[in-house]
Amino acid sequence: MVFAHATGFHGRVFDAIAEFFPKRHILQLDMRGHGRSQSVRIEHWIEFARDIAAVLAEARVGAAQGIGHSMGAHSILQCAADNPDLFSRLVLFDPVVLSPELYEGADPIEDHPTSRRKNRFAGVEEMIDRFRSRDPYDLFDGRVFEDYSRFGLLPATDGEGMVLACAPETEASVYMTSRSNPGVLDAARKLACPTLVVRAKQLGMHDFKSSPTWPGLAAAIPYGRDLYRPDMTHFHPF
């Protein structure tokens, strides 16, 4: 089982879910620019899919079950279409695969408010205390929220406290390039494995709790199935 996380998160947010599958070999990826992976700005979302393919090839993994959330779901979808031997089944929670018209003539995004996120904390407990009761973190299971906080910080290079493992400028670059891969629509149409698309309620493009997923995505996938959950937000895996 291969887990790929959303923008700004890291592989350890899936720890509580992975524990339900003690007999499985599980890979929880830190995507490019996130977690313990190298801190870099994102130029194009195709990079995420290529990274997944490279990691699985290095680990000699094939016919895996891919579980992705948001940007991670987009990336696993693209990777599976480009490398059909790598995955046997996909479960995609709110993949960032937009309606076709939203990719047409989209203007580049020059900035994103996440670039101005608070980036320095005295320690993990400060981050937990600061965000525990805030939207949308107050929706999270308590264990998942603590894993997000505990593994979402790294020691600051200057020795003063801790900083976000996904730097604010990196997170912003992911959002700014979110329409960089319109080819994901063609990728969906050539997916060769059974794919479950789990969609939350849609609240609007600028609401972080809204599903970004094109409602027609599952129908475009040859072996696709749609599970619509209007009772859930974009953070439903947590």
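How many disulfides does a search of the whole structure find? The search finds 0 disulfides, a disulfide being a pair of cysteine sulfur atoms within 2.5 Å. Before selecting anything, note that this is a predicted model, in which local features need pLDDT of at least 70 and side-chain atom pairs count only at pLDDT 80 or more, while totals for chains, interfaces and linings use all residues. Residues are numbered from 1 along each chain as its sequence is written, and side-chain values use heavy atoms, with hydrogens and water left out.

Select Cys-79 and Cys-193 to begin. The sulfur of Cys-79 has its closest cysteine sulfur in Cys-193, 10 Å away, which is too far for a bond. Cys-79 is buried, with a relative accessible area of 1%, and Cys-166 is also buried, at 6%; buried means under 20% relative accessible area, exposed over 50%, and partly exposed in between, with a 1.4 Å probe and protein chains only.

Next, display Ile-52, Leu-56, Leu-77, Phe-87, Leu-90 and Leu-217, which have the most contacts inside the largest nonpolar core, a set of 42 residues. A nonpolar core is a set of buried Ala, Val, Leu, Ile, Met, Phe, Trp, Tyr and Cys residues joined through side-chain atoms within 4.5 Å. Among the elements that each supply at least two residues of this core are strand 1 (2-4), strand 2 (27-29), helix 2 and strand 4 (87-93), while helix 3 gives the most, with 7 residues. Helices (H or I, at least four residues) and strands (E, at least two) are DSSP runs, numbered from the N terminus. Centre the view on Ile-52: leaving aside its neighbours within four places in sequence, Ile-52 is in contact with Ala-4, Leu-29, Met-31, Ser-75, Ile-76, Cys-79 and Phe-87, contact meaning heavy atoms within 4.5 Å. A second, separate core of 25 residues includes Phe-14, Phe-140, Phe-145 and Phe-235.

Phe-145 leads to helix 5 (142-150), where Val-144, Phe-145, Asp-147, Tyr-148 and Ser-149 are buried. These buried residues pack against helix 1 (15-18), helix 4 and strand 6. At the N-terminal end of helix 5, Asp-141 acts as a cap, with a side-chain oxygen 2.9 Å from the backbone nitrogen of Arg-143. Now step back to Pro-136, in the loop between helix 4 (124-131) and helix 5, where the peptide bond from Asp-135 to Pro-136 is cis, with omega near 5 degrees.

Two residues in other loops deserve a look at their backbone. Ala-63, in the loop between helix 2 (46-58) and strand 3 (64-69), has a positive phi near 55 degrees. Ser-70, in the loop between strand 3 and helix 3 (71-82), has a positive phi near 60 degrees and counts as buried at 7% relative accessibility. Most residues other than glycine have a negative phi, and most peptide bonds are trans.

For the sheet, select strands 5, 6 and 7: these 3 strands form an open, antiparallel sheet in the order 5-7-6. Strand 5 (120-121) and strand 6 (153-155) stand at the edges with a single partner strand each, so one side of each is left without a neighbour in the sheet. Two strands pair if DSSP finds at least two bridges between them, and 2 bridges join strand 5 to strand 7 (residues 162-164), with Val-163 in strand 7 the bridge partner of Arg-120.

Finish at helix 6 (residues 168-176), which is mostly covered, with 7 of its 9 residues buried. What covers those buried residues includes helix 2, helix 3 and strand 7.

Conventions. A polar contact is a pair of N or O atoms within 3.5 Å; within protein, one must be able to donate a hydrogen and the other to accept it, and residues adjacent in sequence count only if both atoms are side-chain atoms.
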